[in-house]
Structures are given as structure tokens and as C-alpha cells.
Amino acid sequence: MSLPTVRDYCMLEKIGAGSYSTVYKAFRKDGSREVVAIKCVDKGSLSKSAVDNLVTEIKLLNVLKHEYIVEMKDFFWDEGHIYIVMEYCDGGDLSSFIKKKHKLPESTCRRFLQQLALALKYLRDHNVCHMDLKPQNLLLMRKPQLVLKVGDFGFAQYLSNSEHKFTIRGSPLYMAPEMLLKHKYDARVDLWSVGVIMYECLFGKAPYSSSSFQELAEKIKDSRPIEMPKAAHVSTTCKDLLMALLKHNPADRITYDEFFAHDFLDLEHAPTKENYEKAAALVHKAVEMDTEKNAKEAFYLYCEALRYFIPILTDESDIKRKEVLRHRVNDYIRRAEILKIAFMDENTGKHPTFENKGNVSSLQRIPSLEKSSAFIYNELRILSKSTTHMVDALEIGEVAEQYLAEGNYALALEKFQSCLSVLVPLLGKEPAGRRRDLLHKQVQIWMKEAESTKGLLATKDIDSLQRTSDEQCVLQ
């Protein structure tokens with residue numbers, strides 16, 4: 001089949017086709033020889049709604065400029081066609097990528113979702129709803145590193161949370177229940193689609209995979225429970241986000257603010273220039289604390305810095321800069337591990353015992369012991385004997401500290417989160433007094449240690465993320 005002739009461009013090959021358009025890989029004939037993708041739309045095949053969609057797409061792409069949104073570089077037309085010149089994404093689409101890999105590691109899924117979330121945050125700031133989020137519309141760039149970009153804004157609309165539409169838009173398999181069932185809907189439809197995409201990334205198939213539209217509609221209408229494959233294992237935060245996105249009732253679904261703030265995405269530590277500066281400032285403070293022999297605070301600060309540095313390291317495309325940063329990060333990791341041993345010894349240190357004779361021993365008045373984590377824990381254990389839930393949660397926290405000391409960070413974080421999920425509500429109900437003061441201190445200690453564990457846990461992903469990235473760059 002012969003390729004069309006387009007002014008200023010040399011067409012190379014056909015790379016995709018839709019109901020009324022064909023996409024070609026091409027390059028500019030000028031000195032830059034920039035490689036682009038050109039969407040050629042046949043005017044004669046356009047219905048009125050297709051024209052409206054195309055006009056909306058061009059208007060939106062002319063305004064929307066973001067690193068995780070496919071860029072429109074130009075558009076023009078002749079007698080028979082309309083041409084939209086787009087940024088060329090050399091890694092194909094997410095659908096093909098998932099089929100090739102069968103399913104994606106949780107760390108890769110998180111990185112793609114972070115990029116998608118940042119694009120959606122930008123769209124929300126511009127009051128835009130995509131309306132057709134699916135793996136086929138999420139394109140990948142391989143070089144200089146693997147990056148996801150949102151494309152195809154043919155169904156996109158300016159839409160706020162308060163507005164409601166009735167037109168069915170998008171692909172049924174990724175379409176929110178309220179849209180498929182022709183109920184009122186709003187911008188939350190995109191969040192359901194994100195949930196389906198996330199499910200497909202993790203497990204290699206959509207949650208409601210069906211052989212026909214009728215079968216799909218019946219599953220949606222019956223609000224069939226969405227279950228994870230039996231052999232599948234994902235982290236607690238990953239499962240929490242997935243299930244929060246895939247709520248049939250949009251009123252129960254996670255909100256955009258909750259989505260952007262979710263622990264699994266951790267957008268707070270996304271690789272940005274501002275976050276690099278935060279990380280550098282934290283390391284500077286950590287060195288100060290280290291010099292002052294404050295092992296505990298230095299440890300917390302190094303771990304907090306690592307939560308910013310590691311995403312930046314994995315995102316860095318320049319080989320030389322990456323190698324320099326890797327050496328620095330490895331130094332911070334080693335120092336954090338040394339400091340961890342120092343302050344964990346304090347946490348589990350032996351202190352003089354005391355008897356509980358109706359009131360707390362006079363040892364509580366000794367300032368050096370009063371500041372000790374072990375002293376706080378031991379006294380709190382004695383005062384909490386009458387509250388079974390508190391005793392159980394404190395024991396879980398102690399186990400978490402043991403896992404942290406041993407370097408088993410995944411289990412340590414799980415245990416910290418488990419004990420805090422009990423202790424924080426108990427703290428809210430605890431009457432004023434000595435026990436409340438101690439409980440508050442213990443909760444603060446374990447919250448800090450949980451955050452530090454997240455930093456250390458992220459260090460375990462450096463090599464695996466690098467291997468995954470290298471492997472993914474070899475796309476056939």
C-alpha cells in the first residue's frame with residue numbers, strides 16, 4: 001500500500017489506524033529531520049460527532065502541554081484530509097507492552113501510575129476529563145528512559161465534578177459503570193478507568209474480561225465483586241488503591257484528592273527539581289545531626305532524603321549524572337544502616353526495672369531515662385495491661401522494630417502500619433494523663449520509624465528497578 005504525500009514531511013510507515021483516521025511514522029524534511037507521528041483524518045468519513053470530537057481534540061492539545069501528555073506539534077489540512085502532527089512515542093502503547101510482558105511488577109506499575117496521576121492532576125487543574133483512558137491510549141517512550149504519556153483526546157471534555165453528561169464515550173471494558181448504565185456521571189469516570197488499567201497492569205487482564213458486550217454489561221449491572229487472581233500477591237497499599245478506584249458507586253469511589261495523596265503513588269516524592277533540592281537539604285541536616293552524635297535524628301533525616309533521592313535516581317537518563325548520584329545514594333544508605341544499629345540499640349537497650357505499686361516508679365523523673373524509647377515502651381506496657389487491644393498493638397510494634405533492626409523492611413512496615421492502625425484510634429479516645437502522654441510519644445516514635453522504613457524499603461528497589469528498566473528498553 002502506498003503512503004500518502006504530506007507537505008514538509010516524509011512518510012515512513014503506517015503505525016496505527018482508527019475508525020476514521022490512520023497514523024503514520026514520519027520525519028520532517030527540514031534540517032532537523034525530527035521523527036513524528038502524523039494522524040491523517042479522512043474528511044469524507046467524518047460524522048458530525050466525529051468532527052466535534054476532532055475539533056475538541058485539536059483545541060485541547062493546543063493548550064495541554066505536559067511531560068506525561070503526548071504533545072501536538074502542528075496541524076493542517078488539504079482538500080481531503082486533516083493532519084495532526086504529534087510527538088512520536090517509540091515504545092508503542094501500554095496494551096502491547098502488557099501483552100508482551102503478560103503482567104508488570106508492582107514497582108513498574110507504580111511508576112506508570114505515578115506518571116498517569118501527574119498527567120491527570122494537570123488535566124484536573126485545567127478542568128479536563130479524558131473520558132477514554134485505556135492501555136491503547138497510553139503511549140510509551142523508550143529513550144532516554146521508559147515514560148508513559150496520555151494520548152488520544154478525541155473524547156475529552158471540559159467537565160467539573162458538579163457537571164453531569166449522558167453521552168456514552170470511550171471503550172466499554174474501561175468504561176465506568178455509571179456511564180455504561182447511562183446514569184448521570186462526572187469526572188470520576190476517569191478514576192474507574194485508572195483502576196481497570198492498574199488491574200490489567202498487575203494481573204495481565206481486565207477485571208471484567210468478557211467475551212461479549214452483553215456479558216460485560218451484565219457483570220457491571222449486577223455489581224459483581226471484583227476479585228484479584230488467587231495466586232496474585234500485591235502489597236497492602238497497592239490493593240487498597242486498586243479497590244478504592246474500582247468502586248461501582250462513584251460516591252464510594254476514591255476522590256481525586258485522595259487518589260493524588262495515596263501512599264502507593266507517593267506523588268510527594270516524585271522525581272522533580274524541587275524534590276531534589278528538598279533531598280539535598282535533608283542530607284545537609286542529617287550530616288549536622290550526625291556530627292552532633294544524634295544518631296536517631298540523623299537516621300530519620302537520611303531515610304527521608306532517600307525517599308526523594310531514589311525516584312530521582314531511577315528517573316535520571318544521563319548516564320554520568322546517574323552514576324554520580326548512585327554513588328552518593330549508596331553512601332547515604334550505608335550511613336543510614338550504621339546509624340540504624342546505633343539507635344536501635346537504644347530502643348531495645350536494657351534499663352533498670354521497677355515495680356508498679358499503684359503508681360509509676362520514681363525512675364520516670366530521671367531525664368535521661370524519660371527520653372529513652374525503651375523506657376517509654378516499658379512503662380506504657382505496664383500501664384496498658386488493662387487494655388487488651390493496646391497490649392496486642394504494642395507487641396506488634398515491638399515485632400516491627402525487630403524486623404527493622406534485621407533489615408526486613410517490608411515486614412517491618414507492615415507491622416508498623418498494623419500497630420498504628422490500632423494505637424492511633426485508641427490515642428484519640430484516651431483520657432488525659434500519664435498513659436496518654438506515653439502513648440502519644442510511642443505513636444510519634446513508630447510513625448517516624450515507619451516513615452524511615454519506607455525510605456529504607458525504597459533502597460531495595462534500586463537494582464530491581466534498574467534491571468526492569470534495562471529490560472523494558474529492549475522492546476521488539
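## A buried aspartate in helix α9

Does D290 count as buried or exposed? In this predicted model, D290 counts as buried, because its relative accessibility is 16% and the cut-off for buried is under 20%. You will find D290 in helix α9, which covers residues 273–291.

Who are its partners? Setting aside residues up to four places away in sequence, D290 touches A298, Y302, R335 and L339.

## Y332 in helix α11

Let's move on to Y332, which sits in helix α11 (residues 319–347). Y332 has a relative accessible area of 14%, so this tyrosine is buried too. Once neighbours within four places in sequence are left aside, Y332 is in contact with V283, Y302, L306 and F309. Y302 may look familiar, as D290 touches Y302 as well.

C303 is another residue to look up from here. Y332 and C303 are 29 residues apart along the sequence, and their C-alpha atoms are 8.3 Å apart in space.

## The chain as a whole

With those two residues in view, here is the wider picture. The protein chain has 476 residues, of which 50% count as buried. There are 17 helices and 9 strands in the chain.

How much of the contact network links residues 24 or more positions apart? Among contacts in the chain with a separation of 6 or more, such pairs account for 63%.

## Two nonpolar cores

The largest nonpolar core holds 83 residues, and the members that touch the most others are L94, L116, M198 and F259. Helix α5, residues 189–203, gives the most to this core, with 11 residues.

F259 is a good place to start exploring. Apart from its neighbours within four places in sequence, F259 is in contact with A117, L120, L191, V194, L241, L245, I254 and L265. A second core, separate from that one, has 53 residues and includes F299, Y377, Y409 and W446.

## Helices α14 and α15

Now to helix packing. Helix α14 (residues 388–406) and helix α15 (residues 409–429) have axes 8 Å apart and pack at an angle of about 155 degrees. The two are therefore roughly antiparallel to each other, since angles over 145 degrees fall in that class. The crossing of α14 past α15 is left-handed.

Many side chains can be picked out in this contact. On the α14 side, the residues include M390, L394, V399 and Y403, while those on the α15 side include Y409, F416, V422 and L426. By type, the residues of this contact divide into 16 nonpolar, 3 polar and 2 charged. Y409 also appears in the second core.

## Helices α13 and α16

A further pair to look at is helix α13 (residues 373–383) with helix α16 (residues 434–459). Their axes come within 9 Å and cross at roughly 130 degrees, which makes α13 oblique to α16. Here, too, the crossing is left-handed.

From α13, the contact draws on S373, F375, I376, Y377, E379, L380 and L383. Facing them in α16 are R434, R435, L438, L439, K441, Q442, I445 and W446. This contact divides into 9 nonpolar, 2 polar and 4 charged residues. Y377 and W446 both belong to the second core as well.

Methods. Residues numbered from 1 in each chain as written. Predicted model: local features only at pLDDT ≥ 70, side-chain atom pairs only at ≥ 80, totals over all residues. Heavy atoms only, no water. Helix = DSSP H or I, 4+ residues; strand = E, 2+ residues; numbered from the N terminus. Buried < 20%, exposed > 50% of the residue type's maximum accessible area, 1.4 Å probe, protein only. Contact = heavy atoms within 4.5 Å. Axes fitted to C-alpha atoms, helices over the stretch in contact; angles between N-to-C directions. Parallel < 35°, antiparallel > 145°, perpendicular 65-115°, else oblique. Left-handed = near helix turned anticlockwise from the far one by under 90°. Nonpolar A, V, L, I, M, F, W, Y, C, P; charged D, E, K, R; others polar. Core = buried A, V, L, I, M, F, W, Y, C linked by side-chain atoms within 4.5 Å.
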